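Me: I'm new to this structure and would love a close look at a single part of it. Could you pick one spot, walk me through its surroundings, and then show me how it fits into the whole?

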Amino acid sequence: ADASHFGRPQFQVGRIKDTQLRFARTRIQPLHVAADPIADEAIRAGLASFRGDETDNPGRGNWFEHEVSAEDGGWTVRILVDFAHNEHGMRALAESVRAVPAERVVLLLGQAGDRLDKDIGDLVRAACGMRPDRLLVTELPGYERGREPFEVPAIIRRDAIEAGIPQSSIETFPSPSEATANALGEARPGDLIVLLALTQRQEALDLVARAELEAEKKHQRVGF
């Protein structure tokens, strides 16, 4: 399968795959017992045509891969855009991320202000299971929901430090799009960039697409 530039890599992502299979099973069963059951062939065709990408399922396990030519040293940056927003989903995601080879893990993380401090802490501790080398903490503009500006990022930062992330590895941003732009702009060979896009998801995907276009142009210039 083609995994060039920012195409979708075809490596296994264990727990994400298991979670999607369980989700599919719970959705298929009602189709068999409905008053007007849907034929197995139609169900199979629907499942076979579904792609877990930013078109069919935006912000849910969308993987991208950027391969740089051997003339530039031959290296890869992988990007995951996901919507994990609770402890259970985050633990499953962290398990998958740990299974992906990477020189560094760059994690973007934010949360809405209407969550309890304990719930935010549980989410942060689960996210720190990815063992991020850079943690980009972001405010979610418009989702403060009764909290002071940057109050939630301060909680995330505190809990991440308590979970063992060095203070020097944590940066705070005013929005997910600005954090995403920084992650892409500062990418290094072998990075795995995990963008937990709870808000401004389309903006994050657009930034990734723009990086894809720039990579394509660069490869065309060097004769690929």
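Reply: Ala126 is buried, because its relative accessible area is 2%, under the 20% that marks the limit for a buried residue. This comes from a predicted model, so everything below describes a prediction. You will find Ala126 in helix H4. Leaving aside residues up to four places away in sequence, Ala126 touches Glu87, Met90, Arg91 and Ala94. Another residue to look for is Asn86: Ala126 and Asn86 are 40 residues apart in sequence, yet their C-alpha atoms are 8.9 Å apart in space.

Those touching residues lead us to another helix. Glu87, Met90, Arg91 and Ala94 are the residues that H3 brings to its contact with H4, and on the H4 side the contact is made by Asp122, Leu123, Ala126 and Ala127. Sorted by kind, the residues of this contact are 5 nonpolar, 3 charged and no polar. How do the two helices lie against each other? The axes of H3 (residues 87-98) and H4 (residues 117-127) come within 8 Å and cross at roughly 5°. An angle under 35 degrees counts as roughly parallel, and H3 and H4 are therefore roughly parallel to each other.

Ala126 has company among the buried residues of H4, which are Ile120, Gly121, Asp122, Leu123, Val124, Ala126 and Ala127. What lies over them? Their cover includes H3, strand E3 (104-109) and helix H5 (151-162).

Now follow the chain out of H4. In the loop between H4 and strand E4 (134-138) you meet Arg131 and Asp133. Arg131 counts as exposed because its relative accessibility is 60%. Its backbone deserves a look too: Arg131 has a positive phi of about 55° although it is not a glycine. As background, most residues other than glycine have a negative phi.

Is Asp133 buried, exposed or partly exposed? With a relative accessibility of 36%, Asp133 counts as partly exposed. Not counting residues up to four places away in sequence, Asp133 touches Glu103, Arg104, Val105 and Ser169. Of these, Arg104 and Val105 fall within strand E3 (104-109), the strand that is part of the cover over the buried residues of H4. There is also Pro166 to find: from C-alpha to C-alpha, Asp133 and Pro166 are 8.8 Å apart in space and 33 residues apart in sequence.

Arg131 has a partner of this kind as well. The C-alpha atoms of Gly164 and Arg131 are separated by 9.0 Å, with their positions 33 residues apart along the chain. Gly164 sits in the loop between H5 and strand E5 (170-173), and a relative accessible area of 55% makes Gly164 exposed.

Between E4 and H5 there is one more loop residue to visit, Phe150. Phe150 is not a glycine, yet it has a positive phi of about 65°. At 37% relative accessibility, Phe150 counts as partly exposed.

For another view of a helix and its buried residues, move on to H6 (residues 176-185), where Pro176, Ala179, Thr180, Ala183 and Leu184 are buried. They cover an arc of only 130° around the axis, which puts them on the same side of H6. The general background helps here: an α-helix has 3.6 residues a turn, so residues three or four places apart point the same way. Ala181 also lies in helix H6, but Ala181 counts as partly exposed, at 37% relative accessibility. The C-alpha atoms of Ala181 and Val208 are separated by 8.7 Å, although these residues are 27 residues apart along the chain.

Finally, step back to the whole chain. It has 7 helices and 6 strands, and they follow the pattern α-α-β-β-α-β-α-β-α-β-α-β-α along the sequence. Of the 224 residues in the chain, 43% are buried, and Ala126 is one of the buried residues. Among contacts in the chain with a separation of 6 or more, 72% are between residues 24 or more positions apart. The chain exposes about 11,900 Å², and carbon and sulfur atoms supply 50% of that area.

Key. Residues are numbered from 1 along each chain as its sequence is written. This is a predicted model: local features need pLDDT of at least 70, side-chain atom pairs count only at pLDDT 80 or more; totals for chains, interfaces and linings use all residues. Side-chain values use heavy atoms; hydrogens and water are left out. Buried means under 20% relative accessible area, exposed over 50%, partly exposed in between (1.4 Å probe, protein chains only). Helices (H or I, at least four residues) and strands (E, at least two) are DSSP runs, numbered from the N terminus. The arc is that of the directions from the helix axis to the C-beta atoms. Axes are lines fitted to C-alpha atoms, for helices over the stretch in contact, and angles run from 0 to 180 degrees between N-to-C directions. Angles under 35 degrees count as roughly parallel, over 145 as roughly antiparallel, 65 to 115 as roughly perpendicular and the rest as oblique. Contact means heavy atoms within 4.5 Å. Ala, Val, Leu, Ile, Met, Phe, Trp, Tyr, Cys and Pro count as nonpolar, Asp, Glu, Lys and Arg as charged, and the others, Gly among them, as polar. Accessible areas come from the Shrake-Rupley method with a 1.4 Å probe; for residues, only the protein chains shown count as cover.
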